[in-house]
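Reader: I have just opened this entry and would like to learn how to read it. Could you walk me through some features with me?

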Amino acid sequence: MPNLLLLDAQGRWIRPGLPTDNCRKPRPEVPEAVRALRLTSVSEKVVREIVSAGVAASGCNQDRSDVMATETRDPRLLPRPGRVSLPSRVRLCVYRVPAQQQGTPQPAGTFEYGLLLPQKRRAAIERMLAALRPAEQCSVAAGRFAALQDATIIGDVVYIELDHCRRVLATPLHGPPILAQGDTALIELLRR
């Protein structure tokens with residue numbers, strides 16, 4: 001998703017909402033339309049801060065649905081290994097799920113930290129993702145999760161539970177989801 005911000009002369013900014021589809025994923029034409037914009041600011045007024053400075057700097061979202069928690073409730077999503085690949089530029093976004101939301105039907109995580117992965121670290125993570133085994137049965141809700149996403153365009157997202165079950169869910173735009181088992185070494189690579 002493009003990191004679109006509106007900035008004034010005093011350095012204040014907002015991030016406008018962008019259209020999404022029924023699954024709350026950005027519509028495919030959004031990045032193209034944003035890249036084609038030629039804007040001239042006439043006037044602006046800051047109403048309130050929508051996202052933190054850390055979110056703005058990282059390019060992540062302030063909040064994110066815990067897709068792992070919601071998707072793994074579907075009994076049709078069986079543990080399925082597969083080759084999980086990453087794009088050339090990957091943004092790592094880490095979220096914390098409040099205790100009162102863990103295990104609920106619509107859990108959401110709040111931004112903790114995010115960054116553009118250095119190439120060596122990205123390659124090490126991709127090697128580990130390529131060798132995952134099927135996920136183990138687990139019903140404990142995660143308190144933290146990571147999202148690995150393309151830093152330049154809309155694409156596949158890989159969700160990783162950072163505690164408890166440590167499962168990995170890859171949600172490709174084309175093809176079935178991959179549900180596999182992460183481990184301590186993979187989780188270590190996702191730490192700041």
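Author: Let us start with a side chain that meets the backbone. This is a predicted model, and in it a polar atom of the Ser58 side chain lies 3.0 Å from the backbone oxygen of Val55. The Ser58 side chain also has a polar atom 3.1 Å from the backbone nitrogen of Cys60.

Reader: Where does Ser58 lie, and is Ser58 buried or exposed?

Author: Ser58 belongs to helix 2, which covers residues 53–58. For burial, we look at the relative accessible area, and under 20% means buried. Ser58 has 5% relative accessibility, so it counts as buried. Setting aside neighbours within four places in sequence, Ser58 touches Arg91, Phe111, Gly114 and Leu115.

Reader: Cys60 came up just now. How many disulfides does the structure hold?

Author: The general idea comes first: a disulfide is a covalent bond between the sulfur atoms of two cysteines. This structure holds two of them. One joins Cys60 to Cys93, with an S to S distance of 2.0 Å. Its torsion about the S-S bond is -90 degrees, and the link of Cys60 and Cys93 is left-handed.

Reader: Which parts does the pair of Cys60 and Cys93 tie together?

Author: Cys60 sits in the loop between helix 2 and strand 3 (63–65), while Cys93 is in strand 4, so the pair ties together parts that are 33 residues apart in sequence. Cys60 and Cys93 are both buried.

Reader: And what do Cys138 and Cys165 form?

Author: Cys138 and Cys165 form a disulfide, with their sulfur atoms 1.6 Å apart. The torsion about the S-S bond of Cys138 and Cys165 is about -60 degrees, so this disulfide is left-handed. The pair links distant parts of the chain, 27 residues apart: Cys138 is in the loop between strand 6 (133–134) and strand 7, and Cys165 is in the loop between strand 8 and strand 9. Cys138 is partly exposed, with a relative accessible area of 28%, whereas Cys165 counts as buried at 7% relative accessibility.

Reader: What pattern do the disulfides of the protein chain follow?

Author: Counting bonded cysteines along the chain, the pattern is 1-2, 3-4. Cys23 is in no disulfide, and the nearest cysteine sulfur, that of Cys93, is 20 Å away. Cys23 is exposed, with a relative accessible area of 62%.

Reader: What is there to see in the loop between strand 8 and strand 9?

Author: Look at the backbone angle phi there. His164 lies in this loop between strand 8 and strand 9, and His164 has a positive phi of about 55 degrees although it is not a glycine. Arg166 is found in the loop between strand 8 and strand 9 as well. Arg166 also is not a glycine, yet has a positive phi of about 60 degrees. With a relative accessible area of 25%, Arg166 is partly exposed.

Reader: Now the interior. Which residues touch the most other members of the largest nonpolar core?

Author: To find a nonpolar core, we follow buried nonpolar residues joined through side-chain atoms within 4.5 Å. The largest core has 22 residues, and Leu92, Ile125, Leu129, Leu148, Val158, Ile160 and Leu190 touch the most other members. Several elements each supply at least two residues of this core, among them strand 4 (90–96), helix 4 (119–130) and strand 7 (144–150). Strand 4 gives the largest share, three residues.

Reader: What is Leu148 in contact with?

Author: Leaving aside neighbours within four places in sequence, the contacts of Leu148 include Leu86, Leu92, Leu117, Ile125, Val158 and Leu190. There is also a second, separate core of 18 residues, which includes Trp13, Ala56, Leu169 and Leu179.

Reader: How does the length of helix 4 compare with what it should span?

Author: We can check a helix by its rise along the chain. At 1.5 Å a residue, the twelve residues of helix 4 should span 16 Å, and its end C-alpha atoms are 16 Å apart, which agrees. The buried residues of helix 4 are Arg121, Arg122, Ala124, Ile125, Glu126 and Leu129. These buried residues pack against strand 4, strand 5 (108–116), strand 7, strand 8, strand 9 and helix 5.

Reader: Where is confidence lowest, and where highest?

Author: Where pLDDT is low, the predicted coordinates should not be read in detail. The protein chain averages a pLDDT of 85, and 94% of the residues score at least 70. Confidence is lowest in helix 1 (residues 29–36), at a mean of 79, and highest in strand 4, at 96.

Note on methods:
Residues are numbered from 1 along each chain as its sequence is written. This is a predicted model: local features need pLDDT of at least 70, side-chain atom pairs count only at pLDDT 80 or more; totals for chains, interfaces and linings use all residues. Side-chain values use heavy atoms; hydrogens and water are left out. Buried means under 20% relative accessible area, exposed over 50%, partly exposed in between (1.4 Å probe, protein chains only). Helices (H or I, at least four residues) and strands (E, at least two) are DSSP runs, numbered from the N terminus. Contact means heavy atoms within 4.5 Å. A polar contact is a pair of N or O atoms within 3.5 Å; within protein, one must be able to donate a hydrogen and the other to accept it, and residues adjacent in sequence count only if both atoms are side-chain atoms. A disulfide is a pair of cysteine sulfur atoms within 2.5 Å. The expected span of a helix is 1.5 Å times one less than its number of residues. pLDDT is the predictor's confidence in each residue, from 0 to 100.
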